[in-house]
Amino acid sequence: MACVESLEKLSLLDVSEPSVIKPFIQQSPLKETVTAAKIDGVHTDIVITEFVNRIFIVLTQRQSFSSLLLVSKDGPKTFEGKAEDIYTVKSIFGVDSEQSGNLVARFLSEHTCMNKPALFALGLKDHSPRTVRALRDIINQHKSW
């Protein structure tokens, strides 16, 4: 009730100067690239978003995706002291048995030097080596890491 009463006492005549309200615009810490390419005549949409703890990449030729794959890199030490990178691919969404999607995600993670785990949303019609190499080149051209 106290708020209602105080609001009733307030009138527009009480304001001496108009106040300027500045919109709050916060710069996003995300680095995002949205692009498209024709690969062997097939329109391909590509979105690369770098978060603090991972990289999210959407690659689709269908305007949707059929699998969501998480690729992480581990570097155990061998007896000789050399580190060999081991990539683990986990299917988050979609068909687990789709090996071509797993191979695409692993290849792109390895050949684009990702320094964080990568989450791939794939909706590719064509999984040929030529298409995958073209995707690698596009990611390397637009990456921010």
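Strands are DSSP runs of E with at least two residues, numbered from the N terminus. The model treated in these exercises is predicted.

**Exercise 1. Placing Val42**

Determine which strand holds Val42 and which residues Val42 contacts beyond its neighbours within four places in sequence.

Solution.
Step 1. Val42 belongs to strand 2, which covers residues 42-50.
Step 2. The relative accessibility of Val42 is 24%, and Val42 therefore counts as partly exposed, since the partly exposed class lies between 20% and 50%.
Step 3. With neighbours within four places in sequence set aside, Val42 is in contact with Ala37 and Gln61.
Step 4. The C-alpha atoms of Val42 and Lys125 are 8.7 Å apart, although 83 residues separate the two in sequence.

**Exercise 2. The overall arrangement**

State how many helices and strands the protein has, and in what order they run.

Solution.
Step 1. The count is three helices and six strands.
Step 2. Read from the N terminus, the order is α-β-β-β-β-β-α-β-α.
Step 3. Of the 145 residues in the protein, 28% are buried.
Step 4. Contacts between residues at least 6 apart in sequence are considered next; 57% of them join residues at least 24 apart.
Step 5. The protein has an accessible surface of about 10,000 Å², and carbon and sulfur atoms account for 57% of that surface.

**Exercise 3. The geometry and burial of helix 2**

Compare the expected span of helix 2 with the distance between its end C-alpha atoms, and explain where its buried residues lie.

Solution.
Step 1. Helix 2 comprises 13 residues (99-111), which should span 18 Å at 1.5 Å a residue. The expected span uses one less than the number of residues.
Step 2. The end C-alpha atoms of helix 2 are 18 Å apart, in agreement with that expectation.
Step 3. The buried residues of helix 2 are Gly101, Asn102, Val104, Ala105, Leu108 and Ser109.
Step 4. Viewed down the helix axis, these buried residues fall within an arc of 160 degrees, so they line one face of helix 2.
Step 5. An α-helix has 3.6 residues a turn, so residues three or four places apart point the same way.
Step 6. The cover over the buried residues of helix 2 includes strand 3 (55-60), strand 4 (67-74), strand 5, strand 6 (118-123) and helix 3 (129-142).

**Exercise 4. Salt bridges**

State how many salt bridges the structure holds, and describe where the partners Glu50 and Lys116 lie.

Solution.
Step 1. The structure holds four salt bridges.
Step 2. One of them joins the side chains of Glu50 and Lys116, with an N to O distance of 2.8 Å.
Step 3. This pair links distant parts of the chain, 66 residues apart: Glu50 is in strand 2, and Lys116 is in the loop between helix 2 and strand 6.
Step 4. Glu50 has 8% relative accessibility and therefore counts as buried, the limit being under 20%.
Step 5. Another salt bridge joins the side chains of Glu110 and Arg106 at 2.6 Å, N to O. Both residues lie in helix 2, four residues apart, about one turn of the helix.
Step 6. Glu110 is partly exposed at 33% relative accessibility, and Arg106 is partly exposed at 31%.
Step 7. Arg136 and Asp137 also form a salt bridge, with their closest N and O atoms 3.2 Å apart.

**Exercise 5. A nonpolar surface patch**

Identify which residues form the nonpolar patch on the surface, and classify Ile92 and Phe93 as exposed or partly exposed.

Solution.
Step 1. The patch consists of Phe65, Ile92 and Phe93, which together have about 310 Å² of accessible area.
Step 2. Phe93 is in strand 5 (residues 86-93), and Ile92 is also in strand 5.
Step 3. Ile92 has 51% relative accessibility and therefore counts as exposed, the threshold being over 50%.
Step 4. Phe93 has 47% relative accessibility and therefore counts as partly exposed.
Step 5. Apart from residues up to four places away in sequence, Ile92 touches Leu68, Leu70 and Leu119. Between Ile92 and Leu70, the C-alpha atoms are 6.8 Å apart, with a sequence separation of 22 residues.

**Exercise 6. Positive phi in two loops**

Give the phi values of Gln63 and Cys113, and state where each residue lies.

Solution.
Step 1. Gln63, which is not a glycine, has a positive phi of about 65 degrees.
Step 2. Gln63 lies in the loop between strand 3 and strand 4 and is exposed at 57% relative accessibility.
Step 3. Cys113, just after helix 2, has a positive phi of about 55 degrees.
Step 4. Cys113 lies in the loop between helix 2 and strand 6 and is exposed at 55% relative accessibility.

Definitions and conventions
Residues numbered from 1 in each chain as written. Predicted model: local features only at pLDDT ≥ 70, side-chain atom pairs only at ≥ 80, totals over all residues. Heavy atoms only, no water. Patch = residues over 30% accessible without salt bridge, like charges linked within 9 Å, V, L, I, M, F, W, Y side chains within 5 Å. Areas by Shrake-Rupley, 256 points an atom, 1.4 Å probe, with all protein chains shown as cover. Buried < 20%, exposed > 50% of the residue type's maximum accessible area, 1.4 Å probe, protein only. Arc of directions from axis to C-beta. Contact = heavy atoms within 4.5 Å.
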